[in-house]
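This text walks through a model step by step, beginning with the DNA and ending with the packing of helices. Keep the sequence and the structure in view while reading.

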Protein chains: 2
Amino acid sequence: MSIESLSALDRSTLRERSLEALRSAILSGRYRPGDHLGEVELAGSLGVSRGTVREALRHLQQEGLVTAGNRGMLRVNSLTPTEVHELFRVRAALEGLAVREVLASPRREAAAGTLRTALERLSDDAEPAARMDADLAFHLLLCQLSGNSMLVEAWQRLEGRMRVAILNGANWQAPMMARDRHAPIVEAIERGDVDAAVQVVDEHMTAAAEHFAEASESA
Amino acid sequence: MSIESLSALDRSTLRERSLEALRSAILSGRYRPGDHLGEVELAGSLGVSRGTVREALRHLQQEGLVTAGNRGMLRVNSLTPTEVHELFRVRAALEGLAVREVLASPRREAAAGTLRTALERLSDDAEPAARMDADLAFHLLLCQLSGNSMLVEAWQRLEGRMRVAILNGANWQAPMMARDRHAPIVEAIERGDVDAAVQVVDEHMTAAAEHFAEASESA
DNA sequence: ATCCGGCGCACTGTCGACAGTCGTCAACCA
DNA sequence: TGGTTGACGACTGTCGACAGTGCGCCGGAT
(Lines give C-alpha, C1' and ligand atoms only; values in the text may rest on other atoms or scores of the structure.)
Protein backbone atom coordinates (compact mmCIF):
# COMPACT_ATOMS: atom_id res chain seq x y z
CA MET A 1 0.00 0.00 0.00
CA SER A 2 1.40 3.30 -1.04
CA ILE A 3 2.12 5.83 1.64
CA GLU A 4 0.13 8.34 -0.37
CA SER A 5 -2.99 6.26 -0.56
CA LEU A 6 -4.40 7.63 2.67
CA SER A 7 -4.99 11.24 3.40
CA ALA A 8 -4.65 12.54 6.91
CA LEU A 9 -7.81 12.49 8.93
CA ASP A 10 -9.55 15.58 10.13
CA ARG A 11 -8.49 15.99 13.71
CA SER A 12 -10.36 19.17 14.45
CA THR A 13 -12.55 19.17 17.51
CA LEU A 14 -16.25 19.82 17.49
CA ARG A 15 -15.60 23.10 19.22
CA GLU A 16 -13.35 24.25 16.38
CA ARG A 17 -15.84 23.22 13.76
CA SER A 18 -18.67 24.87 15.64
CA LEU A 19 -16.60 28.03 15.83
CA GLU A 20 -16.00 28.01 12.11
CA ALA A 21 -19.64 27.36 11.37
CA LEU A 22 -20.86 30.12 13.63
CA ARG A 23 -18.33 32.62 12.43
CA SER A 24 -19.11 32.07 8.79
CA ALA A 25 -22.82 32.10 9.55
CA ILE A 26 -22.48 35.53 11.10
CA LEU A 27 -20.08 36.88 8.51
CA SER A 28 -22.22 35.64 5.67
CA GLY A 29 -25.17 37.56 7.01
CA ARG A 30 -27.09 34.47 8.03
CA TYR A 31 -27.57 36.17 11.39
CA ARG A 32 -28.18 39.90 11.41
CA PRO A 33 -26.74 42.33 13.97
CA GLY A 34 -28.83 42.28 17.11
CA ASP A 35 -30.07 38.75 16.57
CA HIS A 36 -30.14 36.64 19.68
CA LEU A 37 -27.89 33.61 19.63
CA GLY A 38 -29.44 31.07 21.96
CA GLU A 39 -27.20 28.26 23.08
CA VAL A 40 -29.95 25.68 22.97
CA GLU A 41 -31.09 26.57 19.48
CA LEU A 42 -27.56 26.64 18.07
CA ALA A 43 -26.67 23.39 19.77
CA GLY A 44 -29.70 21.83 18.17
CA SER A 45 -28.87 23.19 14.73
CA LEU A 46 -25.27 22.10 14.84
CA GLY A 47 -26.03 18.81 16.46
CA VAL A 48 -23.63 19.30 19.35
CA SER A 49 -24.07 19.87 23.03
CA ARG A 50 -24.60 23.23 24.64
CA GLY A 51 -21.20 23.26 26.27
CA THR A 52 -19.53 22.94 22.92
CA VAL A 53 -21.34 25.83 21.24
CA ARG A 54 -20.88 27.76 24.42
CA GLU A 55 -17.12 27.66 24.06
CA ALA A 56 -17.37 28.66 20.43
CA LEU A 57 -19.60 31.58 21.36
CA ARG A 58 -17.21 32.75 24.05
CA HIS A 59 -14.47 32.72 21.44
CA LEU A 60 -16.55 34.83 19.10
CA GLN A 61 -17.26 37.14 21.98
CA GLN A 62 -13.57 37.78 22.47
CA GLU A 63 -13.28 38.34 18.74
CA GLY A 64 -15.92 41.00 19.04
CA LEU A 65 -18.42 39.38 16.73
CA VAL A 66 -20.96 38.87 19.47
CA THR A 67 -21.61 40.82 22.65
CA ALA A 68 -23.31 39.98 25.89
CA GLY A 69 -26.66 41.58 26.46
CA ASN A 70 -29.10 41.24 29.28
CA ARG A 71 -28.51 38.32 31.61
CA GLY A 72 -25.55 37.09 29.60
CA MET A 73 -27.56 36.52 26.48
CA LEU A 74 -25.38 36.85 23.40
CA ARG A 75 -26.34 38.71 20.27
CA VAL A 76 -24.63 39.53 17.01
CA ASN A 77 -22.59 42.69 17.36
CA SER A 78 -22.68 45.72 15.17
CA LEU A 79 -20.44 48.74 15.06
CA THR A 80 -21.39 52.34 15.41
CA PRO A 81 -19.99 54.74 12.79
CA THR A 82 -17.64 56.06 15.44
CA GLU A 83 -16.33 52.59 16.16
CA VAL A 84 -15.79 51.98 12.47
CA HIS A 85 -13.65 55.07 12.25
CA GLU A 86 -11.72 54.07 15.33
CA LEU A 87 -11.25 50.57 14.01
CA PHE A 88 -9.77 51.73 10.75
CA ARG A 89 -7.44 54.12 12.50
CA VAL A 90 -6.08 51.27 14.59
CA ARG A 91 -5.75 49.22 11.47
CA ALA A 92 -3.90 52.03 9.76
CA ALA A 93 -1.45 52.16 12.65
CA LEU A 94 -0.83 48.42 12.43
CA GLU A 95 -0.46 48.32 8.68
CA GLY A 96 1.73 51.37 8.82
CA LEU A 97 4.02 49.41 11.09
CA ALA A 98 3.83 46.50 8.67
CA VAL A 99 4.90 48.70 5.80
CA ARG A 100 7.80 50.14 7.75
CA GLU A 101 8.99 46.69 8.76
CA VAL A 102 8.69 45.31 5.26
CA LEU A 103 10.75 48.19 3.95
CA ALA A 104 13.35 47.73 6.64
CA SER A 105 13.59 44.03 5.97
CA PRO A 106 16.36 42.52 3.84
CA ARG A 107 13.70 40.57 1.95
CA ARG A 108 12.10 43.73 0.69
CA GLU A 109 12.38 42.80 -2.97
CA ALA A 110 10.79 39.39 -2.55
CA ALA A 111 8.04 40.88 -0.44
CA ALA A 112 7.21 43.43 -3.09
CA GLY A 113 7.01 40.66 -5.64
CA THR A 114 4.68 38.62 -3.49
CA LEU A 115 2.46 41.61 -2.96
CA ARG A 116 2.32 42.34 -6.64
CA THR A 117 1.19 38.79 -7.27
CA ALA A 118 -1.52 39.14 -4.66
CA LEU A 119 -2.60 42.32 -6.38
CA GLU A 120 -3.67 40.25 -9.36
CA ARG A 121 -6.23 38.45 -7.25
CA LEU A 122 -8.06 41.71 -6.59
CA SER A 123 -10.37 41.40 -9.53
CA ASP A 124 -13.05 44.03 -9.84
CA ASP A 125 -15.66 41.78 -11.27
CA ALA A 126 -15.81 39.01 -8.71
CA GLU A 127 -18.75 38.77 -6.41
CA PRO A 128 -18.75 40.95 -3.30
CA ALA A 129 -17.80 38.31 -0.74
CA ALA A 130 -14.87 37.15 -2.84
CA ARG A 131 -13.74 40.75 -3.32
CA MET A 132 -13.76 41.29 0.41
CA ASP A 133 -11.81 38.09 1.00
CA ALA A 134 -9.20 39.06 -1.55
CA ASP A 135 -8.92 42.54 -0.12
CA LEU A 136 -8.43 41.35 3.42
CA ALA A 137 -6.05 38.65 2.25
CA PHE A 138 -3.91 41.31 0.62
CA HIS A 139 -3.68 43.36 3.79
CA LEU A 140 -3.05 40.29 5.91
CA LEU A 141 -0.27 39.32 3.56
CA LEU A 142 1.24 42.73 4.04
CA CYS A 143 1.36 42.10 7.77
CA GLN A 144 2.75 38.61 7.35
CA LEU A 145 5.53 39.85 5.10
CA SER A 146 6.68 42.07 7.92
CA GLY A 147 7.71 38.92 9.70
CA ASN A 148 6.28 40.30 12.93
CA SER A 149 4.14 37.53 14.38
CA MET A 150 2.69 39.73 17.09
CA LEU A 151 1.61 42.21 14.46
CA VAL A 152 -0.09 39.48 12.48
CA GLU A 153 -1.93 38.31 15.57
CA ALA A 154 -3.03 41.80 16.50
CA TRP A 155 -4.29 42.40 12.99
CA GLN A 156 -6.18 39.12 12.91
CA ARG A 157 -7.92 39.97 16.13
CA LEU A 158 -9.34 42.96 14.29
CA GLU A 159 -10.36 40.97 11.26
CA GLY A 160 -13.72 39.80 12.57
CA ARG A 161 -14.80 43.29 13.44
CA MET A 162 -13.60 44.60 10.11
CA ARG A 163 -15.69 42.05 8.31
CA VAL A 164 -18.67 43.13 10.37
CA ALA A 165 -18.07 46.74 9.48
CA ILE A 166 -17.65 45.95 5.81
CA LEU A 167 -20.65 43.65 5.72
CA ASN A 168 -22.95 46.22 7.26
CA GLY A 169 -21.68 49.39 5.71
CA ALA A 170 -20.74 48.28 2.27
CA ASN A 171 -21.91 50.01 -0.80
CA TRP A 172 -20.91 47.30 -3.21
CA GLN A 173 -20.91 49.51 -6.25
CA ALA A 174 -18.11 51.71 -5.04
CA PRO A 175 -14.63 50.74 -6.12
CA MET A 176 -13.46 50.61 -2.56
CA MET A 177 -11.51 47.42 -2.86
CA ALA A 178 -10.41 47.80 -6.43
CA ARG A 179 -6.99 46.92 -7.63
CA ASP A 180 -5.83 50.43 -8.34
CA ARG A 181 -6.58 51.38 -4.77
CA HIS A 182 -3.91 48.97 -3.63
CA ALA A 183 -1.42 49.35 -6.40
CA PRO A 184 0.05 52.58 -4.99
CA ILE A 185 0.95 50.74 -1.81
CA VAL A 186 2.92 48.13 -3.68
CA GLU A 187 4.55 50.76 -5.86
CA ALA A 188 5.69 52.79 -2.89
CA ILE A 189 7.15 49.66 -1.35
CA GLU A 190 8.94 48.83 -4.57
CA ARG A 191 10.38 52.33 -4.66
CA GLY A 192 11.45 51.94 -1.06
CA ASP A 193 9.70 55.15 -0.19
CA VAL A 194 8.71 54.69 3.45
CA ASP A 195 6.88 57.95 3.97
CA ALA A 196 4.88 57.64 0.78
CA ALA A 197 3.94 54.04 1.55
CA VAL A 198 2.78 54.86 5.06
CA GLN A 199 0.83 57.82 3.84
CA VAL A 200 -0.85 55.81 1.11
CA VAL A 201 -1.93 53.20 3.65
CA ASP A 202 -3.21 55.93 5.90
CA GLU A 203 -5.28 57.51 3.17
CA HIS A 204 -6.53 54.13 2.08
CA MET A 205 -7.78 53.46 5.59
CA THR A 206 -9.31 56.88 6.05
CA ALA A 207 -11.24 56.52 2.84
CA ALA A 208 -12.37 53.04 3.78
CA ALA A 209 -13.53 54.22 7.20
CA GLU A 210 -15.49 57.02 5.62
CA HIS A 211 -17.03 54.63 3.17
CA PHE A 212 -18.04 51.90 5.60
CA ALA A 213 -19.18 54.11 8.43
CA GLU A 214 -22.27 55.28 6.62
CA ALA A 215 -24.82 52.59 7.26
CA SER A 216 -24.82 51.39 10.84
CA GLU A 217 -27.41 51.49 13.53
CA SER A 218 -26.43 51.49 17.18
CA ALA A 219 -27.12 48.61 19.56
CA MET B 1 -32.82 51.50 57.02
CA SER B 2 -30.36 53.74 55.26
CA ILE B 3 -29.88 53.27 51.58
CA GLU B 4 -26.16 53.14 52.20
CA SER B 5 -26.28 50.35 54.71
CA LEU B 6 -26.09 47.63 52.10
CA SER B 7 -23.43 47.27 49.50
CA ALA B 8 -24.27 45.83 46.14
CA LEU B 9 -23.89 42.09 45.94
CA ASP B 10 -21.27 40.44 43.85
CA ARG B 11 -23.03 39.29 40.74
CA SER B 12 -19.99 37.95 38.95
CA THR B 13 -20.16 34.42 37.66
CA LEU B 14 -17.89 31.62 38.77
CA ARG B 15 -16.30 31.68 35.36
CA GLU B 16 -15.32 35.32 35.76
CA ARG B 17 -13.92 34.73 39.20
CA SER B 18 -12.04 31.67 38.02
CA LEU B 19 -10.60 33.72 35.20
CA GLU B 20 -9.42 36.40 37.59
CA ALA B 21 -7.94 33.85 39.94
CA LEU B 22 -6.08 32.02 37.20
CA ARG B 23 -4.83 35.17 35.56
CA SER B 24 -3.45 36.61 38.73
CA ALA B 25 -1.98 33.25 39.68
CA ILE B 26 -0.06 33.18 36.42
CA LEU B 27 0.92 36.84 36.46
CA SER B 28 2.07 36.63 40.03
CA GLY B 29 4.45 33.86 39.12
CA ARG B 30 2.53 31.20 41.02
CA TYR B 31 2.77 29.13 37.85
CA ARG B 32 5.96 29.25 35.85
CA PRO B 33 6.17 29.29 32.05
CA GLY B 34 5.85 25.79 30.71
CA ASP B 35 3.88 24.53 33.68
CA HIS B 36 1.02 22.28 32.79
CA LEU B 37 -2.40 23.56 33.74
CA GLY B 38 -4.60 20.52 34.23
CA GLU B 39 -8.30 21.15 34.21
CA VAL B 40 -9.00 18.59 36.90
CA GLU B 41 -6.39 19.90 39.27
CA LEU B 42 -7.42 23.53 38.82
CA ALA B 43 -11.07 22.68 39.18
CA GLY B 44 -10.24 20.96 42.44
CA SER B 45 -8.20 23.87 43.72
CA LEU B 46 -10.80 26.48 42.85
CA GLY B 47 -13.68 24.35 43.96
CA VAL B 48 -15.57 24.60 40.69
CA SER B 49 -16.37 22.18 37.94
CA ARG B 50 -14.12 21.38 35.04
CA GLY B 51 -16.32 23.12 32.53
CA THR B 52 -16.03 26.35 34.41
CA VAL B 53 -12.24 26.42 34.59
CA ARG B 54 -12.20 25.23 31.04
CA GLU B 55 -13.90 28.39 29.86
CA ALA B 56 -11.56 30.52 31.90
CA LEU B 57 -8.57 28.71 30.42
CA ARG B 58 -9.84 29.22 26.90
CA HIS B 59 -10.13 32.91 27.64
CA LEU B 60 -6.56 33.02 28.86
CA GLN B 61 -5.54 31.15 25.76
CA GLN B 62 -6.97 33.89 23.57
CA GLU B 63 -5.20 36.42 25.75
CA GLY B 64 -1.96 34.65 25.00
CA LEU B 65 -1.16 33.75 28.58
CA VAL B 66 -1.45 30.03 27.97
CA THR B 67 -0.89 27.99 24.84
CA ALA B 68 -2.05 24.57 23.75
CA GLY B 69 0.58 21.90 23.70
CA ASN B 70 0.33 18.25 22.93
CA ARG B 71 -3.17 16.83 22.88
CA GLY B 72 -4.70 20.15 23.73
CA MET B 73 -3.00 20.31 27.08
CA LEU B 74 -2.53 23.90 28.16
CA ARG B 75 0.63 25.30 29.63
CA VAL B 76 1.77 28.70 30.74
CA ASN B 77 3.14 30.63 27.82
CA SER B 78 6.47 32.36 27.53
CA LEU B 79 7.82 34.67 24.88
CA THR B 80 10.96 34.32 22.87
CA PRO B 81 13.23 37.36 22.72
CA THR B 82 12.11 37.88 19.15
CA GLU B 83 8.48 37.90 20.19
CA VAL B 84 9.21 40.41 22.92
CA HIS B 85 10.74 42.75 20.38
CA GLU B 86 7.80 42.28 18.05
CA LEU B 87 5.35 42.83 20.85
CA PHE B 88 6.87 46.12 21.85
CA ARG B 89 6.97 47.32 18.28
CA VAL B 90 3.26 46.68 17.96
CA ARG B 91 2.73 48.43 21.23
CA ALA B 92 4.75 51.39 20.02
CA ALA B 93 2.55 51.62 16.95
CA LEU B 94 -0.59 51.60 19.06
CA GLU B 95 0.64 54.10 21.59
CA GLY B 96 1.96 56.27 18.82
CA LEU B 97 -1.56 56.41 17.49
CA ALA B 98 -2.79 57.19 20.98
CA VAL B 99 -0.42 60.11 21.26
CA ARG B 100 -1.43 61.48 17.88
CA GLU B 101 -5.09 61.24 18.75
CA VAL B 102 -4.65 62.83 22.13
CA LEU B 103 -2.84 65.72 20.52
CA ALA B 104 -5.49 66.10 17.88
CA SER B 105 -8.25 66.05 20.44
CA PRO B 106 -9.90 69.21 21.73
CA ARG B 107 -9.43 67.90 25.25
CA ARG B 108 -5.69 67.93 24.90
CA GLU B 109 -5.08 70.17 27.91
CA ALA B 110 -7.21 68.10 30.26
CA ALA B 111 -5.58 64.93 29.00
CA ALA B 112 -2.13 66.28 29.68
CA GLY B 113 -3.21 67.17 33.18
CA THR B 114 -4.57 63.70 33.82
CA LEU B 115 -1.39 62.15 32.56
CA ARG B 116 0.72 64.36 34.77
CA THR B 117 -1.30 63.23 37.75
CA ALA B 118 -0.79 59.60 36.80
CA LEU B 119 2.89 60.31 36.56
CA GLU B 120 2.95 60.88 40.28
CA ARG B 121 1.91 57.31 40.90
CA LEU B 122 5.06 56.03 39.24
CA SER B 123 7.07 55.91 42.41
CA ASP B 124 10.52 54.43 42.14
CA ASP B 125 10.55 52.85 45.54
CA ALA B 126 7.40 50.76 45.44
CA GLU B 127 7.68 47.03 45.15
CA PRO B 128 8.18 45.55 41.67
CA ALA B 129 4.63 44.33 41.07
CA ALA B 130 3.17 47.69 42.04
CA ARG B 131 5.67 49.46 39.79
CA MET B 132 4.64 47.33 36.87
CA ASP B 133 0.97 47.97 37.57
CA ALA B 134 1.52 51.72 37.72
CA ASP B 135 3.56 51.67 34.56
CA LEU B 136 0.97 49.76 32.58
CA ALA B 137 -1.80 51.87 34.06
CA PHE B 138 -0.05 54.97 32.77
CA HIS B 139 0.19 53.63 29.25
CA LEU B 140 -3.37 52.35 29.33
CA LEU B 141 -4.51 55.76 30.43
CA LEU B 142 -2.71 57.25 27.48
CA CYS B 143 -4.75 55.02 25.19
CA GLN B 144 -7.97 55.78 27.00
CA LEU B 145 -7.41 59.50 26.72
CA SER B 146 -7.30 59.13 22.97
CA GLY B 147 -11.01 58.35 23.17
CA ASN B 148 -10.53 55.55 20.68
CA SER B 149 -12.27 52.54 22.16
CA MET B 150 -10.96 50.16 19.53
CA LEU B 151 -7.45 51.28 20.33
CA VAL B 152 -8.02 50.65 24.01
CA GLU B 153 -9.30 47.19 23.29
CA ALA B 154 -6.42 46.34 21.01
CA TRP B 155 -3.96 47.53 23.61
CA GLN B 156 -5.61 45.54 26.36
CA ARG B 157 -5.42 42.40 24.32
CA LEU B 158 -1.67 42.87 24.40
CA GLU B 159 -1.53 43.52 28.11
CA GLY B 160 -1.40 39.89 29.23
CA ARG B 161 1.51 39.13 26.98
CA MET B 162 3.29 42.28 28.07
CA ARG B 163 2.99 41.26 31.67
CA VAL B 164 4.43 37.88 30.80
CA ALA B 165 7.34 39.51 29.04
CA ILE B 166 7.98 41.87 31.90
CA LEU B 167 7.61 39.18 34.52
CA ASN B 168 10.12 36.89 32.87
CA GLY B 169 12.63 39.33 31.56
CA ALA B 170 12.68 41.93 34.23
CA ASN B 171 15.80 43.14 35.84
CA TRP B 172 14.16 44.90 38.73
CA GLN B 173 17.11 47.07 39.53
CA ALA B 174 17.05 48.91 36.25
CA PRO B 175 15.09 52.14 36.16
CA MET B 176 13.01 50.92 33.28
CA MET B 177 9.71 52.06 34.62
CA ALA B 178 10.92 55.11 36.44
CA ARG B 179 9.09 58.37 36.43
CA ASP B 180 11.62 60.30 34.40
CA ARG B 181 11.28 57.76 31.64
CA HIS B 182 7.68 58.77 31.22
CA ALA B 183 7.93 62.45 31.94
CA PRO B 184 9.21 63.32 28.45
CA ILE B 185 6.06 61.83 26.95
CA VAL B 186 3.83 64.06 29.03
CA GLU B 187 6.01 67.06 28.35
CA ALA B 188 5.88 66.56 24.60
CA ILE B 189 2.13 66.26 24.80
CA GLU B 190 1.92 69.44 26.83
CA ARG B 191 4.03 71.22 24.26
CA GLY B 192 1.80 69.86 21.53
CA ASP B 193 4.81 68.52 19.70
CA VAL B 194 3.46 65.50 17.84
CA ASP B 195 6.67 64.30 16.27
CA ALA B 196 8.61 64.57 19.48
CA ALA B 197 5.93 62.75 21.45
CA VAL B 198 5.71 59.90 18.99
CA GLN B 199 9.44 59.60 18.85
CA VAL B 200 9.73 59.53 22.63
CA VAL B 201 7.18 56.75 22.82
CA ASP B 202 9.03 54.86 20.15
CA GLU B 203 12.33 55.12 21.94
CA HIS B 204 10.70 54.21 25.21
CA MET B 205 9.37 51.03 23.66
CA THR B 206 12.58 50.14 21.91
CA ALA B 207 14.50 50.47 25.14
CA ALA B 208 11.92 48.43 26.99
CA ALA B 209 12.01 45.69 24.37
CA GLU B 210 15.77 45.56 24.60
CA HIS B 211 15.58 45.38 28.34
CA PHE B 212 12.95 42.69 28.66
CA ALA B 213 14.10 40.49 25.83
CA GLU B 214 17.20 39.35 27.64
CA ALA B 215 16.02 36.52 29.81
CA SER B 216 13.64 34.22 28.01
CA GLU B 217 13.78 30.58 27.15
CA SER B 218 11.90 29.26 24.16
CA ALA B 219 8.94 26.90 24.41
C1' DA C 1 -58.78 51.08 35.65
C1' DT C 2 -54.68 50.06 38.20
C1' DC C 3 -51.53 47.79 40.91
C1' DC C 4 -49.76 43.61 42.95
C1' DG C 5 -48.49 38.88 43.58
C1' DG C 6 -48.07 34.34 41.63
C1' DC C 7 -46.91 31.37 37.86
C1' DG C 8 -44.83 29.47 34.03
C1' DC C 9 -41.39 30.02 30.29
C1' DA C 10 -37.06 30.62 28.19
C1' DC C 11 -32.95 31.42 28.95
C1' DT C 12 -27.94 30.86 30.91
C1' DG C 13 -24.85 29.03 34.86
C1' DT C 14 -22.89 25.00 36.71
C1' DC C 15 -22.03 20.37 37.47
C1' DG C 16 -20.86 15.31 37.29
C1' DA C 17 -20.19 11.42 34.26
C1' DC C 18 -18.82 8.92 30.13
C1' DA C 19 -15.94 8.32 26.14
C1' DG C 20 -11.86 8.82 23.35
C1' DT C 21 -6.94 9.41 22.92
C1' DC C 22 -2.13 9.52 23.94
C1' DG C 23 2.20 8.46 26.75
C1' DT C 24 4.36 4.99 29.56
C1' DC C 25 5.88 0.84 30.85
C1' DA C 26 6.22 -3.79 31.27
C1' DA C 27 5.64 -8.30 29.23
C1' DC C 28 6.44 -10.97 25.13
C1' DC C 29 8.22 -12.81 20.89
C1' DA C 30 11.56 -13.30 17.05
C1' DT D 1 18.61 -7.89 22.49
C1' DG D 2 15.49 -5.09 19.95
C1' DG D 3 11.14 -4.22 18.44
C1' DT D 4 6.13 -4.93 19.06
C1' DT D 5 1.98 -5.32 21.63
C1' DG D 6 -1.17 -4.85 25.32
C1' DA D 7 -2.73 -2.88 29.68
C1' DC D 8 -2.92 1.15 32.59
C1' DG D 9 -3.20 5.89 34.02
C1' DA D 10 -3.90 10.69 33.05
C1' DC D 11 -5.55 13.72 30.44
C1' DT D 12 -9.08 16.40 27.45
C1' DG D 13 -13.50 16.25 24.53
C1' DT D 14 -18.34 15.99 24.83
C1' DC D 15 -22.67 15.40 26.70
C1' DG D 16 -27.14 15.54 29.36
C1' DA D 17 -29.30 17.18 33.50
C1' DC D 18 -30.30 20.24 37.32
C1' DA D 19 -30.61 24.73 39.28
C1' DG D 20 -31.14 29.66 39.37
C1' DT D 21 -32.96 33.90 37.44
C1' DG D 22 -35.37 37.51 34.96
C1' DC D 23 -39.47 38.42 31.98
C1' DG D 24 -44.09 38.45 30.55
C1' DC D 25 -48.73 37.03 31.40
C1' DC D 26 -52.77 36.64 34.00
C1' DG D 27 -56.03 36.84 37.65
C1' DG D 28 -57.61 39.14 41.75
C1' DA D 29 -57.91 42.84 45.10
C1' DT D 30 -58.53 47.82 45.72
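Around DNA strand C there are 19 residues, of which A:Glu39, A:Gly72, B:Leu14, B:Val48 and B:Ser49 are the closest; a residue is near a molecule or strand if its C-beta atom, placed from the backbone, lies within 6 Å of it. Two or more residues each are given to the surface near DNA strand C by α2 (39-46) and α3 (50-63) of chain A and by α1 (14-27) and α3 (50-63) of chain B. Helices here are DSSP runs (H or I, at least four residues), numbered from the N terminus. With three residues, α3(B) makes the largest share of this surface. Sorted by class, the surface near DNA strand C has five nonpolar, eight polar and six charged residues. In this sorting Ala, Val, Leu, Ile, Met, Phe, Trp, Tyr, Cys and Pro count as nonpolar, Asp, Glu, Lys and Arg as charged, and the others, Gly among them, as polar.

The model is predicted: local features need pLDDT of at least 70 and side-chain atom pairs count only at pLDDT 80 or more, while totals for chains, interfaces and linings use all residues. Residues are numbered from 1 along each chain as its sequence is written, and chains are lettered from A and ligands numbered from 1 in the order in which they are written.

Now turn to the other strand. DNA strand D has 19 residues around it, and A:Leu14, A:Val48, A:Ser49, B:Glu39 and B:Gly72 come nearest. The elements giving two or more residues to the surface near DNA strand D are α1 (14-27) and α3 of chain A, along with α2 (39-46) and α3 of chain B. Here α3(A) provides the largest share, three residues. The class division near DNA strand D is five nonpolar, eight polar and six charged residues.

How are the two protein chains related? Chain B is superposed on chain A by a rotation of 180 degrees with 0.1 Å of shift along its axis (RMSD 0.1 Å); the fit is by least squares on the C-alpha atoms of residues with pLDDT of at least 70 in both copies. The two copies are therefore related as by a two-fold rotation axis. The C-alpha of chain B nearest the axis belongs to B:Ala93, at 3.0 Å from it. Both copies use the same surface, since 100% of the contact residues of chain B recur in chain A.

In that interface, 21 residues of chain B are in contact with 21 residues of chain A, contact meaning C-beta atoms, placed from the backbone, within 7 Å. On the side of chain B that touches chain A, two or more residues each come from α3, α4 (81-104) and α7 (149-169) of chain B. The largest share, nine residues, is that of α4(B). This side divides into nine nonpolar, six polar and six charged residues.

Within chain B, α4(B) also packs against helix α6 (residues 128-145), at an angle of about 50 degrees and with the axes 8 Å apart. Axes are lines fitted to C-alpha atoms, for helices over the stretch in contact, and angles run from 0 to 180 degrees between N-to-C directions. The two helices α4(B) and α6(B) are therefore oblique to each other; angles under 35 degrees count as roughly parallel, over 145 as roughly antiparallel, 65 to 115 as roughly perpendicular and the rest as oblique. In this pair, B:Glu95, B:Ala98 and B:Val102 of α4(B) meet B:His139, B:Leu142, B:Cys143 and B:Leu145 of α6(B).

Technical notes: Contact = placed C-beta atoms within 7 Å.
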